[in-house]
Amino acid sequence: MHEIETYAGISLLLRSDDEVQCERSGLDCVHGVLRLIGLEHLFRSAQKKDLHWVGLNVLRQSIPKFYSAYRASGRSEAEEKGDCLVARAKKLFSSPSGSGIMNQWEEALDCFVSAAQSYMRAGKNMTAGEAYCEASTCAAKLNCDMETARNFVKAAECYKPVSPLDAAACLQKVIEVHAKHGSAAKVAKYEREVAEIHEAQWEKSGAPVDIENALYHYIEAERHYEAKGEQYLTECNVCLRKVACFWSLLGEPTKAIDSFEKLNKTMTGPDALFRAMLCFLVNVTVDNRLPGIERAQAAFDHYSETDTEFLQSGKEYELVRNVLDAIKRQDMNKFEKSVAAYYTCREQEQWRDYMLDKIEKNLVAVLDSVENLTVRLS
């Protein structure tokens with residue numbers, strides 16, 4: 001028996017005068033600890049007697065130093081209880097016997113859930129998540145799909161603050177269960193949660209792989225929400241907006257624009273077309289300057305003519321118009337003043353600010369290219 005499980009059992013035995021509790025939760029530890037302290041012969045000699053009370057008395061008399069060392073480790077009573085429940089559950093689950101195998105798995109499931117709850121009270125999120133995952137494994141053995149999913153959801157909640165990618169892995173298993181049962185709304189909900197986890201990772205790391213993972217799961221969430229119709233339109237729009245933003249971050253402005261234009265058909269306000277225009281403007285580069293400007297101007301004119309809300313969008317419309325004019329005129333001063341004026345009346349936003357920064361860098365590169373060409377020709 002693992003030493004920590006032995007000590008957890010000792011702790012429970014030393015606190016308990018309940019014969020049944022000693023027999024069920026602590027008796028397995030008696031043999032292990034007697035072996036540790038060289039008194040295994042007492043275990044053998046007590047086999048025909050009242051074993052658990054003999055073991056309990058020996059423990060109380062012979063191993064205070066073991067218990068003191070265990071308590072000095074700083075482990076809380078809730079954590080000790082969790083350890084003991086896990087030890088019990090693992091024995092039930094790994095050594096099933098006879099016709100009562102289903103009952104053993106059910107009891108193991110209950111023990112793992114109780115252990116996870118004890119770990120959470122002790123503030124041990126990782127260990128709690130692991131216990132809930134073990135509970136899901138037991139539920140799967142019992143062919144209880146919804147119980148399997150519920151415990152993976154709880155595991156994900158435990159993991160989120162300390163190990164987000166483990167949380168995402170748990171939710172992926174939840175998605176598989178609900179996909180199996182054809183619950184599109186549940187699949188969409190958890191796809192979105194996984195996407196949000198990867199998005200939060202990207203905000204911390206800036207790694208392209210996190211953007212790619214977030215995009216994939218937002219696409220899946222949007223697809224499943226869309227399949228559910230009008231009742232999930234708001235959720236669908238939230239995911240579609242994220243899809244468009246992430247396409248642009250991955251250097252796919254055309255896909256981003258298509259997504260923003262699709263979004264504009266199902267939501268009110270100028271936000272989608274404003275963001276689509278930023279995608280057009282970010283595509284004006286050294287290698288694509290004139291075609292990029294032509295496409296941006298054509299889009300601006302089309303949006304202005306066909307969508308009155310875009311014309312009435314105030315600061316966003318003014319910003320797009322001024323930035324487009326600054327790019328056409330290669331006027332960095334006008335660009336900087338326009339953006340600075342916009343920032344005085346809008347809060348920071350990571351995606352929009354990133355796009356404006358990229359537009360500025362592209363304009364600087366264009367100006368440098370023109371200057372270099374002028375020098376060579378002179």
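Asp271 is partly exposed, at 25% relative accessibility. The model in which this residue sits is predicted. Asp271 makes a good starting point for a walk through the charged contacts.

The side chain of Asp271 meets that of Arg241 in a salt bridge, with N and O 3.2 Å apart. Asp271 belongs to helix H15 (residues 271–282) and Arg241 to helix H13, so this bridge ties together parts that are 30 residues apart in sequence. Arg241 has 27% relative accessibility and therefore counts as partly exposed.

Helix H15 also supplies Arg275, whose partner Glu349 lies in the loop between helix H19 (332–343) and helix H20 (350–377). Their side chains form a salt bridge at 2.7 Å, N to O. The two residues are 74 residues apart in sequence, so the pair ties together separate parts of the chain. How does burial compare within this pair? Arg275 is buried, with a relative accessible area of 3%. Glu349 is partly exposed, at 24%. Arg241, Asp271, Arg275 and Glu349 are linked in a network of salt bridges.

A local contact appears in helix H18. Arg329 and Asp325 both lie there, four residues apart, or about one turn of the helix. They form a salt bridge, and their closest N and O atoms are 2.9 Å apart. Arg329 is exposed at 59% relative accessibility. Asp325 has 18%, and buried means under 20%, so Asp325 counts as buried. The model's salt bridges number 17.

Now to the rings. The count of aromatic pairs is seven. One of them joins Tyr218 and Phe246: the ring centres are 6.0 Å apart and the planes meet at 20°, so the pair is stacked. Tyr218 comes from helix H12 (residues 208–227) and Phe246 from helix H13 (residues 233–249), so the pair ties together parts that are 28 residues apart in sequence. Both Tyr218 and Phe246 are buried. Ring pairs also bring in Trp202, which forms a cluster with Tyr218 and Phe246. Helix H13 thus appears in both stories, as it holds Phe246 and also Arg241.

Another stacked pair is Phe300 with Tyr317, at 5.3 Å centre to centre and 25° between the planes. It links distant parts of the chain: Phe300 is in helix H16 (residues 289–306) and Tyr317 in helix H18 (residues 315–329), 17 residues apart. Are these rings buried or exposed? Phe300 counts as buried, at 7% relative accessibility. Tyr317 is buried as well, at 14%.

Key. Residues numbered from 1 in each chain as written. Predicted model: local features only at pLDDT ≥ 70, side-chain atom pairs only at ≥ 80, totals over all residues. Heavy atoms only, no water. Phe/Tyr/Trp six-rings, centres within 6.5 Å; stacked < 30°, edge-to-face > 60°. Buried < 20%, exposed > 50% of the residue type's maximum accessible area, 1.4 Å probe, protein only. Salt bridge = Lys/Arg side-chain N within 4 Å of Asp/Glu carboxyl O.
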